[in-house]
Amino acid sequence: SALLGLFLALAALIALALLGLNISIIKPLRKLNKVALDITNSGDLNQKTGISSKNEVGTLAASFDRMTDTLREKGEALITSETRYRRLFEEAQDGILIIDAETGAVVSVTPFLAELLGYPREQLIGKPVWELGTFKDVIPDREGLSGLQRQGYIRYDDLSLRTGDGRQINVEFTGNVYPVGNSSLIQVNIRNITERKRADAA
């Protein structure tokens, strides 16, 4: 990772500097080097150098400590954000399905959608979407997945689906492809309109 590379580079730089410096600053540099390596190995950004000398080494140590503080705070903020997103996802009263665009495997699904589709959630995760009979008319096979990747978007205002437990339901169905790093995901949003269709037909 970038963090690992940064700390390893710093440790190497300090080790090289030790070869040409006098004894008065070798000890704090060794301490800084040890902390950098410890953080690299453990990932514990709470570690501090404890160096307070009023020279170039002290300035370097203070900058190092500020850097680790910043990285720790950003990491904590990211964890908080991910936890908040996961809670919202788990509690959403919407049908959301996340699919790996390369493999077609289901990455995540809201409990609401799993119940709507009549499948145990654990039965959906990791399974290619075309192996779920529910979506055979939308993404029937790997070629259908490739077609969705090329289009980038799909929408059905009134799609009839047969659920895993044999019910026939009508849904609004939208699918969007979006990049994540070097890969892509497909987010499918499904809204049950069965009752609305029945009311309109009454």
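**Exercise 1. Describe the hairpin of strand 4 and strand 5 and the pairing of its strands.**

Step 1. Strand 4 and strand 5 form a hairpin in which 2 residues lie between them. Strands are DSSP runs of E with at least two residues, helices are runs of H or I with at least four, and both are numbered from the N terminus.

Step 2. In the turn, G181 has a positive phi of about 65 degrees.

Step 3. The two strands pair in the antiparallel sense over 10 bridges; a pair of strands requires that DSSP find at least two bridges between them. One of these links can be named: Y178 has L185 in strand 5 as its bridge partner.

The model is predicted, so local features need pLDDT of at least 70 and side-chain atom pairs count only at pLDDT 80 or more, while totals for chains, interfaces and linings use all residues. Residues are numbered from 1 along each chain as its sequence is written, and side-chain values use heavy atoms, with hydrogens and water left out.

**Exercise 2. State how strand 3 pairs with strand 4, and what is found between them.**

Step 1. Strand 3 and strand 4 are antiparallel and pair over 8 bridges. L159 has V171 of strand 4 as its bridge partner.

Step 2. This hairpin has 5 residues between the strands, and G166 takes a positive phi near 90 degrees there.

**Exercise 3. Classify the ring pair of Y156 and F173, and place both residues in the chain.**

Step 1. Rings of Phe, Tyr and Trp (its six-membered ring) pair if their centres lie within 6.5 Å; planes under 30 degrees apart count as stacked, over 60 as edge-to-face and the rest as tilted. By this rule there are 2 aromatic pairs.

Step 2. The ring centres of Y156 and F173 are 6.0 Å apart and the planes stand at 70 degrees, so the pair is edge-to-face.

Step 3. Y156 belongs to strand 3 (residues 153-162) and F173 to strand 4 (residues 168-180); the pair links distant parts of the chain, 17 residues apart.

Step 4. Ring pairs join F135, Y156 and F173 into a cluster.

Step 5. Accessibility is judged with a 1.4 Å probe on protein chains only: buried means under 20% relative accessible area, exposed over 50%, and partly exposed in between. Y156, with 29%, is therefore partly exposed, whereas F173, at 2%, is buried.

**Exercise 4. Is A101 buried or exposed, and which residues does A101 touch?**

Step 1. A101 sits in the loop between strand 1 (95-100) and strand 2 (106-109).

Step 2. A101 is buried because its relative accessible area is 0%.

Step 3. Contact means heavy atoms within 4.5 Å. Not counting residues up to four places away in sequence, A101 touches L145, Q149, S184, L185 and I186.

Step 4. A101 and L185 are 84 residues apart along the chain, yet their C-alpha atoms are separated by 4.9 Å.

**Exercise 5. Locate L132 and determine its surroundings.**

Step 1. L132 lies in the loop between helix 5 (121-124) and helix 6 (142-151).

Step 2. With a relative accessible area of 1%, L132 is buried.

Step 3. Leaving aside residues up to four places away in sequence, L132 touches V106, Y119, L124 and K127.

Step 4. From L132 to G164 the C-alpha distance is 8.1 Å, with their positions 32 residues apart in sequence.

**Exercise 6. Identify the elements that contribute to the lining of the largest pocket.**

Step 1. On a 1 Å grid over the protein atoms alone, a pocket is an open set of points with protein on both sides within 12 Å along at least five of seven lines, and lining residues have an atom within 4 Å of a point.

Step 2. The lining consists of Q93, D94, G95, I96, F112, R155, E172, T174, N189, I190, R191 and N192. Strand 1, strand 4 and strand 5 (183-192) each give two or more residues, and strand 5 gives the most, with 4 residues.

Step 3. Strand 1 and strand 5 also pair with each other, in the antiparallel sense over 6 bridges. The bridge partner of I96 in strand 5 is N189, and both I96 and N189 are among the lining residues.

**Exercise 7. Summarise the chain as a whole.**

Step 1. The protein chain has 7 helices and 5 strands, in the order α-α-α-β-β-α-α-α-β-β-β-α from the N terminus on.

Step 2. Of its 202 residues, 36% are buried.

Notes: 1 Å grid on protein atoms, 1.4 Å probe; cavity = no way out; pocket = protein on both sides within 12 Å on 5 of 7 lines; lining within 4 Å.
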